[in-house]
Amino acid sequence: MLADRDPRRGAGAAQGTMVPVTAPAASAPQAGDVLELTVGEAVHGGWCVSRQDDTGQAVFVRHALPGERVRATVTQLTARFARAEATEILQAAADRVVPPCRYARPGGCGGCDWQHASLPAQRRLKAAVIRQQLQRIAGIDTTVVVAALDGGDDGLGWRTVVSFAVDQRGAAGLRRHRSHEIVPVDRCLIAHELVTSAGVTGQAWPGAQSVEVSVVPQTGEVGVLVTGRPAGMPEVAADSVQIAGSGPGRSLMRGRGHLTQRAAGRDWRVNLGGFWQVHPAAADTLARDVLAALDPQPGEHALDVYCGAGLFAGVLAQAVGPAGTVLAVERDAAAARDARHNLRDWPWVRVRRGDAAAVLAGTDLRGVSLVVLDPPRAGVARPVIDALGTGPRRIAYVSCDPATLARDLRLLLDGGWELTGLRGYDAFPMTHHVECLATLSRRASASAMTSRSPAGREALRGSGFAMDPPIANPLPRPSSADPGRRSL
Ligand SMILES: C[S@@+](CC[C@H](N)C(=O)[O-])C[C@H]1O[C@@H](n2cnc3c(N)ncnc32)[C@H](O)[C@@H]1O
């Protein structure tokens, strides 16, 4: 715990760090130099961008907030910009708070990016970054709200999956920012208390590479997945323990090797290491809002691409009923098995295991009217977008990366779609990560409020998706030199 509780002072300042400004005037900075900077806007990745006073060189600064005057230590240089960490806060922003976690500081754990900002400020920063990415990459000018999820009062204790890295001595910790170095931690404050009580930290894991803890808050179930070749297995408070070595198989040490997650009023089997939303309220919220956005009707044909354990396919299956169909596509074999198990009550659902682009290339999509896209961070493969054409009437695109979302929205807009709803969710408090749900309708559709049932229209209004008129409002197309395309 920091001794200095003044919320307006940063971690470096709170520790009394006084660093001389060592960068020579009007020269390119070197790693280790300390620069005095006025901090500009937040950008994707948990940075704020700044310009060196004398050279004008771009400096991406962590642990800072827009509008602050800071001293920042340069950590890395590229040909075009520098990266730095704010080690002393000379003029603090009104949104600055003392980070609750002692590891969230310059040189500390790289997991949290915005612990030094109040939660409302974190959400405003995330909304600004989404807006900026859509403007710069997609040429779309729109505002977006990032909403808190249920249970997010202090932004702590929410994370239901934590992957601890193991150092050469066998200590479990978390990685430094942009580094393979591991910071030993006794506990992670954003982790759910069940993760902490599993007892992974503070134990020796020689030979292991990582130890991932996943938990189910509703039932208290805990799973531990160890990768590498652990020399022994410390005692952990877990229902399931599994080892994934270098080969394809896994050794089950205890329990069933999967968790039973609960969302949308049902149980979902998810293998250890399989994808499930990590905020306890996210799966329920997204299932509800995807349904409201698509407004499925009995007899419709739906596609759930990147389906994981089948959450969206399941809620769609119930809505379209036996007169409709759902095709769910998933590349990972274990996830596809989970999806088949989870969706077995609805024979009108088919799960196809394979790469989304390859599966869709060999599938007749005529008649498909509803699509869910929930890709990994890399976004939707272009052949998937091309395969969809403009046959469906609506797409719900769930994204955990505003940059790839923006790239894909540009492709979809160019391909005849319009953006009719966009919403952000603070599904990862304290970090720069944010979840988005974008709704698209075929451009020929009469209005964004095309729901055919009064109940569906009501649900759309209630969920904040009533965005009439459409927000396909292209700005001039960004050039390839646009800084929004820079990958940090
Ligand atoms: C963000 S998760 C979404 C899972 C699910 N929709 C949910 O909400 O639980 C993305 C899923 O896409 C799968 N995936 C990644 N690349 C894929 C590809 N090229 N083709 C098909 N599935 C892929 C991953 O295995 C993962 O299950």
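**Helix packing and sheet organisation in the predicted model**

Helices α4 and α5 lie oblique to each other, because an angle that falls outside the roughly parallel, roughly antiparallel and roughly perpendicular ranges counts as oblique. In this predicted model, the axes of α4 (residues 282–294) and α5 (residues 311–320) come within 10 Å and cross at roughly 45°, and the crossing in which α4 passes α5 is right-handed. On the side of α4 the contact is made by Ala283, Ala287, Val290 and Leu291, and on the side of α5 by Leu311, Phe312, Val315 and Ala319. The residues of this contact between α4 and α5 comprise 8 nonpolar ones, with no polar and no charged residues.

The protein as a whole contains 10 helices and 22 strands, and of its 488 residues 49% are buried. When contacts between residues at least 6 apart in sequence are considered, 60% of them join residues at least 24 apart.

A second helix pair is formed by α2 (residues 119–138) and α9 (residues 402–414), which pack at an angle of about 40° with their axes 8 Å apart; α2 and α9 are therefore oblique to each other. Here, too, the crossing is described by its hand, with α2 passing α9 in a right-handed sense. The residues of α2 that make the contact are Val129, Ile130, Gln133, Leu134, Ile137 and Ala138, and those of α9 are Pro402, Ala403, Ala406, Arg407, Leu409 and Arg410. By class, the residues of the contact of α2 with α9 divide into 9 nonpolar, 1 polar and 2 charged.

Turning to the sheets, 8 strands are arranged in an open sheet of mixed pairing, in the order β6-β21-β22-β20-β19-β16-β17-β18. Strands β6 (146–148) and β18 (349–353) stand at the edges with a single partner strand each, so that one side of each is left without a neighbour in the sheet. On average, and with direction ignored, neighbouring strands of this sheet are turned by 20° against each other. Towards the β18 edge, strand β17 (residues 325–330) runs parallel to β18 and is joined to it by 5 bridges, and Glu330 stands opposite Arg353 in β18. Helix α6 (residues 333–342) packs on the sheet, where it touches β17 and β18, and its direction makes about 170° with that of β18.

Another open sheet, also of mixed pairing, consists of 7 strands in the order β9-β8-β7-β10-β11-β12-β13. Its edge strands are β9 (182–184) and β13 (250–254), each of which pairs on one side only. Neighbouring strands in this sheet are turned against each other by 35° on average, direction ignored. Within this arrangement, strand β7 (residues 161–166) and strand β8 (residues 172–175) pair in the antiparallel sense over 2 bridges, and the bridge partner of Ala165 in β8 is Gly173.

At the level of a single residue, Ala356 belongs to helix α7 (residues 356–361). Ala356 is buried because 22 other C-beta atoms lie within 10 Å of its own, where 20 or more suffice for that class. With neighbours within four places in sequence left aside, Ala356 is in contact with Val305, Tyr306, Val329, Arg331, Ala381 and Val384. Of these partners, Tyr306 is 50 residues apart from Ala356 in sequence, yet the two are 7.0 Å apart in space, C-alpha to C-alpha.

Technical notes. Residues numbered from 1 in each chain as written. Predicted model: local features only at pLDDT ≥ 70, side-chain atom pairs only at ≥ 80, totals over all residues. Helix = DSSP H or I, 4+ residues; strand = E, 2+ residues; numbered from the N terminus. Buried ≥ 20, exposed ≤ 12 C-beta atoms within 10 Å, placed from the backbone. Contact = placed C-beta atoms within 7 Å. Pairing = 2+ DSSP bridges. Axes fitted to C-alpha atoms, helices over the stretch in contact; angles between N-to-C directions. Parallel < 35°, antiparallel > 145°, perpendicular 65-115°, else oblique. Left-handed = near helix turned anticlockwise from the far one by under 90°. Nonpolar A, V, L, I, M, F, W, Y, C, P; charged D, E, K, R; others polar.
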